[in-house]
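Thanks for coming. I have one structure to show today, and I will go through its cysteines, its salt bridges and its cavities. Here it is.

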Amino acid sequence: MTVPDTDLDLGRSAFHERRWRDALECLTRADSEGGLPPQDIELAASVAMLLGLNSQSIEYLTRAHDEFLTMGDTDNAARCAAWLVMFLMDMGEPARGNGWLSRAKHVLEGMSGPCAAEGYLMIPAALGLLRSGAPAAGHGLFAKALELGTSFHDKDLQALGRLGVGTTRVSLGHVEEGLQLLDEVMVSVTSGEVSPIPAGIIYCAVLGSCRLSNDVRRAHEWTAALERWCGDRPDMVMFSGQCQAYRAELLILHGAWEEALSVARAAEGRVRKGDPDATFGSWYQQGEVLRLQGFLVEAGKAYAIAAGTGFEPVPGIALLELAEHKTAQAQATMRRAMAGADPANRRRLLPAVVEVELAAGDAAAARLALDELSEPLQQGSRPLEMALVAYAAAQVLLVEAEPQAALREARRAWRIWYSLEAPYQAARCRVLAARACALLGDPDSAAMEFEAAKAELEDLGAMPAVAEVLELTGEKNKGSSPLTDREVEVLRLVAGGHSNRTIARELYLSEKTVARHVSNILSKLAVPSRAAATGYAFEHGLIR
């Protein structure tokens, strides 16, 4: 006769099958019926954290610590305390976190020799050093944690230690070495050697380093891996918002701005469900889309919420200030951010520094920023980095009255951005090329480049960039309409009763692009429907 599985058995099985809600329900029942061993209380804590039930997770983990301590298992008790430190610090409760840090140290004082728990306690301390601008000191602690993880064959600690070493190497400017270490730790994650919470931490941290180092190829590869990982765990809340925020950033690069906005808002929803680490990314990426589209007030609100996390939303906020004609403020923002940045963050900010300093009329400061950006560039550098350098060089060379060299750099940058399928950046390169052609006495080529750039920017809905082109060419939007030429075309077809699919065929656009144009038209005209927009078109003579 087969003995039926107990709730504890079912809970353990559900955990291994990634059915987190089922696992927590079974473990909760088992706990209420007869209690749980400490290792299963810790398991329940992990499941609750993955489901975004942070308070419940802290309660379980506290119990697990106490139970291990009662059994005399000081190593596991100290390890639970170390995780409590990390969770509480991440939840914005540093006082409780420090209290648990002191308790864990007291627990370890009674041990006869080193243990893995010592390494776990080094992780939050090293993270604190990294975040406070002392990556070299953090690197030493991460390396010790990795050594302890290796000594005690603790896969999770090994992975977290190696992650920290790789991350600090990137922050210290040793980018390729750091990224190779991060690739190595990702192998252990994707092969299933690492438990879920450390695995999620690693995914998100590695993607952060890819972003910091402008490595689009790695970012695409590991974002896809994170999406698959989250997709295999459909009821997981923790990490899922961060996944969406990284997706939004890549969608912005590729010109899918409406989709990026939707994905960033989905990330915001995950924050409310229990993934607080997604707060900055979700709001920052919303700010980026809104700024590029010209909704400057809304962008400012999004950046302000992102800033509430304690991380400064640069360079986005400075570029917003530039768009609002607050040039001196933008310059002050970037100079302050650069003063406190580590080497990797300095490189991330330098392209915006060039743009802001040129807008402020400080060509010498822009040249210094360009030289710093260009200095470590080699033939094998990442394409995105090369594109940023070429674009910045074209900007500076135009101001330095070197139009031929500027044209060469603008076209080089355009080729790279085009290959990366980054339409906004590619269009802006055409604007620089047009300015260079005009200075070289070639008005026909300049007009062709300006027109191509304007069409591409209009299709994206990049209204501030369109306005810049109109200013450079001396053009004005026809009549008093707030619509771009492309939006007027779409409105005429809407007024003719055509569907988005028909309009897409007529104008050789995607249906998504047409839908975005229609949305922009309704917003700009402050009308609720296509019928109301049609009325506007007749009233203002847009239909002949």
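Cysteine 210 is buried, at 1% relative accessible area. This is a predicted model, so please keep that in mind throughout. Where is the closest cysteine sulfur to that of cysteine 210? It belongs to cysteine 204, and at 12 Å it is too far away for a bond. Cysteine 204 is buried too, with a relative accessibility of 6%. For the sulfur of cysteine 204, the closest cysteine sulfur is in cysteine 230, 7.2 Å away. A disulfide needs the two sulfur atoms within 2.5 Å, so 7.2 Å is too far for a bond here. Searching the whole structure gives zero disulfides.

Next, the salt bridges. The count is 40, and I will take three of the pairs in turn.

The first one I picked joins the side chains of arginine 29 and aspartate 7, with an N to O distance of 3.3 Å. Arginine 29 sits in helix 2, residues 20–34, and aspartate 7 in helix 1, residues 7–16, so this pair ties together parts that are 22 residues apart in sequence. Are the two partners buried or exposed? Arginine 29 is partly exposed, at 37% relative accessible area, while aspartate 7 is buried, at 16%.

The next pair is glutamate 221 with arginine 217, whose side chains meet at 3.5 Å, N to O. Both lie in helix 12, which covers residues 216–231, and because they are four residues apart, about one helical turn separates them. Glutamate 221 is partly exposed, with a relative accessible area of 40%.

The last pair is arginine 486 and aspartate 459, forming a salt bridge with an N to O distance of 2.8 Å. This one links distant parts of the chain, 27 residues apart: arginine 486 is in helix 26, residues 485–495, and aspartate 459 is in helix 24, residues 443–460. Arginine 486 is buried, with 15% relative accessible area. Aspartate 459 counts as buried as well, at 17%.

Beyond individual pairs, there is a network. Which residues are joined by salt bridges that share partners? The acidic members are Glu176, Asp183, Asp215 and Glu385, and the arginines are Arg218, Arg347 and Arg382.

That network brings me to the cavities. There are three cavities of 30 Å³ or more. I will start with the second largest, which holds about 60 Å³ of space. Its lining includes Arg347, Arg382 and Glu385, and these three residues also belong to the salt-bridge network. The rest of that lining consists of Val175, Leu212, Ser213, Asn214 and Ala344. By type, the lining of the second largest cavity divides into three nonpolar, two polar and three charged residues.

The largest cavity has a volume of about 90 Å³. What lines the largest cavity? From one stretch of the chain come Met49 and Asn54, then Phe87, Asp90 and Met91. Further along are Met238 and Gln242, and then Gly274, Asp275, Pro276 and Asp277. The lining of the largest cavity divides into five nonpolar, three polar and three charged residues.

That is what I have on this model. I will take questions now.

Note on methods
Residues numbered from 1 in each chain as written. Predicted model: local features only at pLDDT ≥ 70, side-chain atom pairs only at ≥ 80, totals over all residues. Heavy atoms only, no water. 1 Å grid on protein atoms, 1.4 Å probe; cavity = no way out; pocket = protein on both sides within 12 Å on 5 of 7 lines; lining within 4 Å. Points joined across faces, edges and corners; volume = space filled by probe spheres on them. Nonpolar A, V, L, I, M, F, W, Y, C, P; charged D, E, K, R; others polar. Buried < 20%, exposed > 50% of the residue type's maximum accessible area, 1.4 Å probe, protein only. Salt bridge = Lys/Arg side-chain N within 4 Å of Asp/Glu carboxyl O. Helix = DSSP H or I, 4+ residues; strand = E, 2+ residues; numbered from the N terminus.
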